[in-house]
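Reader: I'm new to reading protein structures and get lost when I try to take in everything at once. Could you pick one part, go through it closely with me, and then show me how the rest compares in the kind of detail one can read off?

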Amino acid sequence: MDTRSPTGPVAVALAAAGGMTVLGMALSGAGLRRSGRRVAARANAVVGAADRRTAVTAARRLNRASGTLAASVLFDSAVEHYRGGFHNKAMYTPLVAATLSLLVSAHGHRDRGHDAELARDLVYAGAGLAGLLGTGFHVFNVGKKPGGFGWQNLFYSAPLGAPAALCLSGLLGWLSERVRDNAPDTAPLVLGIPAGRVVGAATAAGIIGTVAEAGLLHLRGQFHDPFMLLPVTVPPVAAGFCAAAAFGGAGRPRPLARWMLRASAVIGLSGSAFHAIGVARSMGGWRNWRQNLLDGPPLPAPPAFTGLALAGLAALSLLEDQPE
Amino acid sequence: MYADEPMRPRTMQGRAPDVFTRGGWIPMQLRSDGEEVDFVVIGTGAGGGPLTARLAEKGFSVVAFDAGPYFRPLEEFASDEASQSKLFWTDERIVDGANPLKMGANNSGKAVGGSTVHFAMVSLRFRPEWFRSRTLLGYGADWPLDWREMWTYYAQAEQDLSISGPLSYPWGPKRPRYPYRAHEVNAAGLLLAKGAEAMGYRWSPTPLATVSAPRGNSPPCVYRGFCRVGCSTNAKQSQLVTYIPRAVRAGAEIRDLAMVGRIEVDATGRATGVHYHRDGVWRFQRARNVVVAGYAIETPRLLLNSATDRFPDGLANSSGLVGRYLMTQSNQAVWGEMEEEVRWNKGPPSLALTEHWNYDDRKDFFGGYCWMGQGPLPIEWSSVLTGARGLWGEALRRQMENYNHQIGLKMVGEMLPHLDNRVTLSEEHDQYGLPIPRITYSWTDNDKALIDHGLAQMRTSLELVGARNIFLQKDDTNHLAGTARMGFSRETSVVDADCRSWDIPNLFVCDGSVFPTTGGVNPHLTITAIALRTADRIEALAKRGEL
Ligand SMILES: Cc1cc2nc3c(=O)[nH]c(=O)nc-3n(C[C@H](O)[C@H](O)[C@H](O)COP(=O)(O)OP(=O)(O)OC[C@H]3O[C@@H](n4cnc5c(N)ncnc54)[C@H](O)[C@@H]3O)c2cc1C
Ligand code: SF4
């Protein structure tokens with residue numbers, strides 16, 4: 001007899017969340033063919049000159065991506081570092097950096113102008129740096145524990161991938177400023193390379209890193225629920241499409257890539273719902289939220305996929321608009 | 001229910017407690033005393049639990065008896081050491097010998113689920129050589145089981161109990177990945193690890209029968225460390241929350257608070273059923289086959305007490321070995337104190353271990369041992385301080401204030417089987433009117449050498465991590481085994497490899513008493529693996545008409 005699957009309300013909730021997720025992923029593919037054709041038509045109309053509005057739209061999308069990641073980092077690190085008792089003052093850093101990153105991302109989202117803002121740039125650069133330092137800290141902490149970089153410490157010590165999300169928030173924000181900040185009638189460039197390619201490559205790399213983190217932690221949880229496989233199967237495909245777009249031909253629609261990215265965005269959101277069910281499965285469930293929010297699966301972590309998917313969609317728009 | 005309120009049987013109305021919901025029930029098939037069921041199983045612990053479930057799943061009609069209550073962990077397990085002593089087998093026993101065993105909390109349970117309801121969940125495999133320790137290592141006795149076959153049953157047991165263990169285990173032949181990941185190692189375990197690394201030994205997170213992620217209706221472990229007085233969350237994968245519900249769902253009947261006092265044997269020398277005491281009366285259940293799984297004291301006691309004219313020395317005892325070769329395991333400890341806070345009670349008590357001396361044969365005694373991190377609860381700890389250290393009054397109080405700085409290592413060591421370590425029946429009688437068992441135990445010189453070695457090694461490990469005020473606890477023992485050993489012939493053993501008695505073909509013994517040797521690891525996983533094998537063997541015998 002199978003005593004591995006839960007029964008009762010938990011089983012119902014899992015089925016509901018699973019159904020909604022699958023439906024959301026399917027629906028996120030709807031309408032893509034049509035919009036693909038539209039994009040193609042528009043690209044033909046503006047041969048040779050990138051649409052400046054696309055650049056600003058893409059930049060704002062990147063602000064949202066950066067902000068989503070910052071929000072994920074903010075709440076995640078707040079919970080995790082509170083759990084660690086903030087025993088080191090440096091543990092406040094991600095909270096400050098992510099808050100600022102979130103604020104300037106909101107600012108960027110509302111800004112329809114064509115110029116980079118120094119303040120935003122500074123904050124994004126700071127967030128990127130804080131993320132790097134955090135990664136360094138976490139690596140150091142893992143290394144000095146008995147067992148070193150063995151599985152046990154990768155599972156339970158300071159997570160190596162978590163500060164990297166802050167890095168990504170900073171990076172995407174910085175890229176948004178570069179995308180925004182371009183001369184009229186030129187294709188947006190970052191360091192001399194077409195912006196769509198840079199954003200696409202960065203996003204693909206970011207997704208892969210995030211998949212590794214989710215994979216590690218879901219392995220720690222023994223993929224005990226089949227839906228735990230979603231974040232390690234769909235986003236990697238999205239990352240593949242994203243990378244293919246970044247390194248492939250420009251100026252053409254990529255409906256499959258869009259679909260997979262949107263599906264990843266859905267997974268990021270439904271991931272939080274699944275994690276909420278996970279909290280309910282801990283002893284005492286939500287009635288014992290003060291303990292289970294800390295010890296259960298992290299609610300704020302999965303939307304990192306949503307943030308990255310937004311960045312990927314921004315990259316696709318830039319690439320579709322970019323002359324061949 | 002209150003601890004001092006006498007419990008009534010709960011499974012008389014065709015339903016059994018649903019351990020996963022407060023006040024819930026699951027339907028259970030009832031059998032009448034007069035129905036000749038395929039199997040009666042006596043005891044529902046590490047041996048009886050899986051055997052009952054597997055036999056029922058294979059389509060046999062099974063009634064399993066347990067002298068203990070059918071508890072509801074969510075409602076009835078308090079975070080209170082004293083009240084939880086209701087889980088222990090504390091019926092009177094007479095102990096003697098040069099090293100009398102301390103019976104009760106540390107070695108026997110009385111509940112549906114047996115000792116696993118309050119066990120420490122350490123789930124280790126034997127070293128393969130131990131199944132042939134006489135031939136390969138020169139001591140004890142060989143088992144009639146092949147380690148490779150056992151390896152597959154260990155894997156099945158690990159799956160069924162969702163053992164949480166490391167992705168790769170440092171000792172022994174390759175094994176499949178543990179079903180769940182190892183738990184985070186607490187500070188006490190990390191100090192063991194540091195000590196082991198300083199000594200050049202490998203260490204590992206301990207494979208444990210408590211889940212590190214949700215499993216079915218079990219929540220993940222909450223690391224409050226009450227495991228050895230019963231787990232109130234159901235994270236612990238005891239028999240009570242694993243095989244017992246499976247058994248009930250597959251059609252087995254579990255009779256709680258039902259003490260079997262005697263096995264009936266007919267004139268042809270076959271078992272016909274059991275006499276049991278439940279709800280104040282003695283009854284008789286008819287059965288085609290009887291399996292005894294009451295553990296190393298109660299199993300021989302029941303066999304001896306079932307003597308007839310035809311079997312005057314007790315059932316299955318033509319070899320004279322029933323009750324003999326009783327083994328315990330050395331459970332000595334070294335304790336110390338750290339400058340920093342350790343909070344050793346956080347989490348299951350033994351989150352890290354080293355099996356170094358189970359696999360290193362460069363020592364001048366037989367047998368092996370492992371040691372594990374410790375986290376005794378306050379009352380248990382105070383009894384160590386009063387017992388092993390002789391502290392009382394103000395000194396005891398001051399030492400107890402250091403509770404959060406304390407660390408310790410405890411060994412699980414292989415004691416050798418000896419003919420004179422045994423269980424017999426005394427002249428005195430218990431509350432059921434049954435003769436009280438007498439338990440005679442003396443350590444051999446080899447046992448003492450092993451203990452000295454272990455204590456010295458553990459002491460070094462504590463010294464190397466900077467522990468102060470180190471002291472030794474030299475007397476403790478824990479798990480039991482032996483008293484109905486399995487073997488190759490009716491002259492030298494009580495049961496064969498299939499746990500079937502040589503003398504009475506429809507009488508089986510399936511618990512820790514069949515161990516010919518006990519190895520240097522905790523026993524439950526081996527008992528469960530044997531039970532799983534026995535179920536398969538019984539099915540095969542039945543198919544061939546040899547039951
Ligand atoms: C505190 C503690 C910690 C432990 N920790 C570990 C550990 O970490 N790892 C490990 O591997 N092992 C551990 N053990 C040992 C392990 O629990 C036992 O070895 C194992 O449960 C024995 O299985 P069994 O089936 O032989 O007997 P048990 O599990 O003891 O089951 C026997 C059952 O039979 C019932 N019974 C006995 N006689 C009768 C009768 N006449 N009629 C009706 N019912 C009867 C009893 O009530 C009992 O429920 C621990 C034991 C204890 C006590
Ligand atoms: S520490 Fe874990 S296994 Fe032990 S009693 Fe608590 S929840 Fe149960």
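Author: Let's start with a word we'll need: two residues are in contact when they have heavy atoms within 4.5 Å. Keep in mind, too, that this is a predicted model.

The part to look at closely is chain B. With contacts defined, here is a handy figure: among contacts in chain B with a separation of 6 or more, 74% join residues that sit 24 or more positions apart. Chain B has 12 helices and 22 strands. Its radius of gyration is 22 Å, close to the 24 Å that the globule rule gives for 547 residues, so chain B is as compact as a globular protein of that length. If you draw a box around its C-alpha atoms along the principal axes, you get roughly 65 × 55 × 45 Å. Of the 547 residues in chain B, 67% are buried. As for the outside, chain B has an accessible surface of about 18400 Å², and carbon and sulfur atoms supply 49% of that.

Now zoom in on one residue, Val274(B). You'll find Val274(B) in strand E11, which covers residues 271-278 of chain B. Is Val274(B) buried or exposed? Its relative accessible area is 0%, so Val274(B) counts as buried. What surrounds it? Once you skip neighbours within four places in sequence, the contacts of Val274(B) include Val40(B), Ile42(B), Phe65(B), Val260(B) and Val290(B). Arg262(B), Arg283(B) and Gln285(B) are also among them. For a sense of scale, Ala542(B) is 268 residues further along, and its C-alpha atom is 21 Å from that of Val274(B).

A helix can be covered as well. Helix H7 of chain B runs over residues 295-305, and 10 of its 11 residues are buried. Those buried residues include Ile297(B), Leu302(B), Leu303(B) and Leu304(B), and also Glu298(B) and Arg301(B).

Next, charges. Side chains of opposite charge can pair when their charged atoms come close. In chain B, Glu36(B) and Arg288(B) form a salt bridge, with their closest N and O atoms 3.6 Å apart. This pair links distant parts of the chain, 252 residues apart: Glu36(B) is in the loop between strands E2 and E3, while Arg288(B) is in strand E12. Glu36(B) has a relative accessible area of 31%, which makes it partly exposed. Arg288(B), at 39%, is partly exposed as well.

A second pair in chain B is a local one. Arg459(B) and Glu463(B) meet in a salt bridge at 3.0 Å, N to O. Why are they about one helical turn apart? They are four residues apart in helix H11, residues 445-464 of chain B. The general rule is that an α-helix has 3.6 residues a turn, so residues three or four places apart point the same way. Arg459(B) is partly exposed at 31% relative accessibility, and Glu463(B) is partly exposed at 43%.

One last oddity in chain B is Tyr223(B). Most residues other than glycine have a negative phi. Tyr223(B) isn't a glycine, yet its phi is positive, near 60°. Tyr223(B) is in the loop between strand E8 and helix H6, and it is partly exposed, with a relative accessible area of 29%.

Now a glance at chain A, using the same tricks. Phe86(A) also has a positive phi, of about 45°. Phe86(A) is in the loop between helices H3 and H4 of chain A, and at 16% relative accessible area it is buried. In helix H4 you'll also find Val96(A), which is partly exposed at 48%. Val96(A) joins Tyr92(A), Leu100(A) and Leu103(A) in a nonpolar surface patch of about 380 Å².

Chain A has salt bridges too, such as the 2.9 Å (N to O) one between Arg258(A) and Glu320(A). Arg258(A) is in helix H10 and Glu320(A) in helix H12, so the pair ties together parts 62 residues apart in sequence. Both ends are buried: Arg258(A) has a relative accessible area of 11%, and Glu320(A) has 4%.

Finally, a caution. Chain A averages a pLDDT of 90, but residues 45-49 of chain A stay under 50. Where pLDDT is low, the predicted coordinates should not be read in detail.

Key:
Residues numbered from 1 in each chain as written. Chains lettered and ligands numbered in written order. Predicted model: local features only at pLDDT ≥ 70, side-chain atom pairs only at ≥ 80, totals over all residues. Heavy atoms only, no water. pLDDT = per-residue confidence, 0-100. Patch = residues over 30% accessible without salt bridge, like charges linked within 9 Å, V, L, I, M, F, W, Y side chains within 5 Å. Areas by Shrake-Rupley, 256 points an atom, 1.4 Å probe, with all protein chains shown as cover. Salt bridge = Lys/Arg side-chain N within 4 Å of Asp/Glu carboxyl O. Helix = DSSP H or I, 4+ residues; strand = E, 2+ residues; numbered from the N terminus. Buried < 20%, exposed > 50% of the residue type's maximum accessible area, 1.4 Å probe, protein only. Rg over C-alpha atoms; globule rule 2.2 N^0.38 Å.
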